[in-house]
Amino acid sequence: MADLGLEINANYLAVRGVDLAERVLIDRRIGFDSVQAGASRAVGELTRLAGEAITELERAGTRLAGIGVAVPGIVDVPSGTVRYAPNLLWQDVPIAEGRLLRGSDGFSGEIGHIPVDPYGQTCGCGRSGCLETKIGLATAVRAAAPDMAGTSRDPEEQARVLLQRVEAGHPQALAGLDEIGRWLGIGISIAVNMLNPGTTVLGGYFATVAPYVVPTAMRELRSRAIAGEAAICPITASAFGFTADLLEAAAQRSTHYEHLDQLALEHLLGI
Ligand SMILES: [Zn+2]
């Protein structure tokens with residue numbers, strides 16, 4: 001279990017994850033002009049950082065206990081509204097109105113097991129044609145670097161090889177990742193049409209190969225978003241990527257990740 005502390009300041013945003021033994025699991029700060037950006041963009045950026053941090057905590061097997069937000073100003077705690085923050089020039093910003101969508105029994109978020117091809121391959125979950133069968137790392141390797149398929153290489157190394165091959169212009173690797181990007185966009189469009197997230201953050205191997213899958217995914221998303229351009233959210237690679245230091249202790253666990261739960265819909269605050 002870990003608590004997440006978020007901080008908005010005039011010239012930076014910060015996120016810190018601390019477990020119950022007060023060990024710091026995540027400590028990240030980025031320069032950000034919250035005055036110039038305004039409340040909406042600053043909260044959006046903080047939401048992105050928080051979403052990435054939550055994803056990494058969950059990947060490391062750490063459950064989120066709670067989230068606190070520190071703002072330099074006068075806060076109406078019951079409503080979660082910043083009444084006045086003079087250094088930020090903010091007034092009446094409802095910063096805590098968002099909430100994590102867990103579902104009535106806490107089982108929401110299994111986007112990787114949305115059936116996108118009912119007659120497709122059997123998924124690891126035993127069902128057929130889950131999104132994960134279209135875009136999981138094993139599928140990407142089969143499509144883009146089949147000579148690596150079936151080997152027991154570390155997923156991070158597999159992602160690195162994929163990246164090396166697309167960077168070198170290997171036609172099969174480019175075509176394979178383009179197809180992955182297409183299905184990724186289809187999956188994200190389902191989530192966007194249902195949840196209208198502010199941002200989609202990619203972790204795991206997607207973060208490594210993002211430049212080669214995101215453009216295609218964005219094209220697919222644009223063609224499938226019911227609400228059109230207004231609902232299109234950016235698809236970004238997690239700043240934590242595949243190699244976050246905090247995951248060292250969880251390396252054994254993370255080596256088994258091929259799942260789409262590496263894709264975190266950022267529905268923490270800004271949905
Ligand atoms: Zn499945």
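Student: How much area does the protein expose, and what share of it do carbon and sulfur atoms supply?

Tutor: Bear in mind that this is a predicted model, where local features need pLDDT of at least 70, side-chain atom pairs count only at pLDDT 80 or more, and totals for chains, interfaces and linings use all residues. Residues are numbered from 1 along each chain as its sequence is written, and side-chain values use heavy atoms, with hydrogens and water left out. Accessible areas come from the Shrake-Rupley method with a 1.4 Å probe, and for residues only the protein chains shown count as cover. The protein exposes about 13,200 Å², with carbon and sulfur atoms supplying 50%.

Student: Over which residues does pLDDT stay under 50?

Tutor: pLDDT is the predictor's confidence in each residue, from 0 to 100. Its mean for the protein is 80, and 83% of the residues reach 70 or more. Where pLDDT is low, the predicted coordinates should not be read in detail. The model has 82 contacts (heavy atoms within 4.5 Å) beyond four places in sequence for the stretch under 50, residues 243-271.

Student: What percentage of the residues in the protein is buried?

Tutor: Buried means under 20% relative accessible area, exposed means over 50%, and partly exposed is in between (1.4 Å probe, protein chains only). Out of 271 residues, the buried share is 47%.

Student: How many helices and strands does the protein have?

Tutor: Helices (H or I, at least four residues) and strands (E, at least two) are DSSP runs, numbered from the N terminus. As for what they bring together, 61% of the contacts between residues at least 6 apart in sequence join residues at least 24 apart. The tally for the protein is seven helices and ten strands.

Student: Which helices do the buried residues of H3 pack against?

Tutor: Helix H3 covers residues 137-144, and its buried residues are Leu137, Thr139, Ala140, Val141 and Ala144. Their packing partners are helix H2 (131-135), helix H4 (155-167), helix H5 (171-195) and helix H6 (204-224).

Student: What geometry does the site of the zinc ion have?

Tutor: Donors are N, O and S atoms within 2.8 Å of the metal (3.2 Å for Na, K and Ca), and sites may look incomplete because water is not among the atoms. Here the protein donors are His113 (ND1), Cys123 (SG), Cys125 (SG) and Cys130 (SG), at 2.0 to 2.4 Å from the zinc ion, and their spacing along the chain is H-x9-C-x1-C-x4-C. Four donors count as tetrahedral if all angles lie between 85 and 135 degrees, and the ideal angle for four tetrahedral donors is 109.5 degrees. With angles of 106 to 117 degrees among the four donor atoms, the zinc site is tetrahedral.

Student: Is cysteine 125 buried or partly exposed?

Tutor: Let's go through the cysteine donors. Cysteine 130 is buried at a relative accessible area of 1%, and cysteine 123 is buried too, at 5%. Cysteine 125 has a relative accessible area of 29%, so cysteine 125 is partly exposed.

Student: How many disulfides does the structure hold?

Tutor: A disulfide is a pair of cysteine sulfur atoms within 2.5 Å. By that test, the number of disulfides in the structure is zero.

Student: Where does leucine 89 sit?

Tutor: The backbone is worth a look here, as phi of leucine 89 is near 60 degrees, a positive value in a residue other than glycine. Leucine 89 has 66% relative accessibility and so counts as exposed. Its place is the loop between strand E6 (81-85) and strand E7 (90-94).

Student: Which strand does aspartate 92 lie in?

Tutor: Aspartate 92 also has a positive phi in a residue other than glycine, near 50 degrees. Its relative accessible area is 46%, so aspartate 92 is partly exposed. The strand is E7.

Student: Which residues does threonine 216 touch, not counting those up to four places away in sequence?

Tutor: Threonine 216 is in helix H6. At 9% relative accessibility, threonine 216 counts as buried. The residues touched are Asp178, Gly181 and Arg182.

Student: What distance separates the C-alpha atoms of glutamate 52 and glycine 203?

Tutor: Glutamate 52 is in helix H1 (residues 34-59). Its relative accessibility is 0%, so glutamate 52 counts as buried. Glutamate 52 and glycine 203 are 151 residues apart along the chain, and their C-alpha atoms are separated by 8.0 Å.

How values were computed. Tetrahedral: all angles 85-135°; square planar, octahedral: opposite > 155°, others 65-115°.
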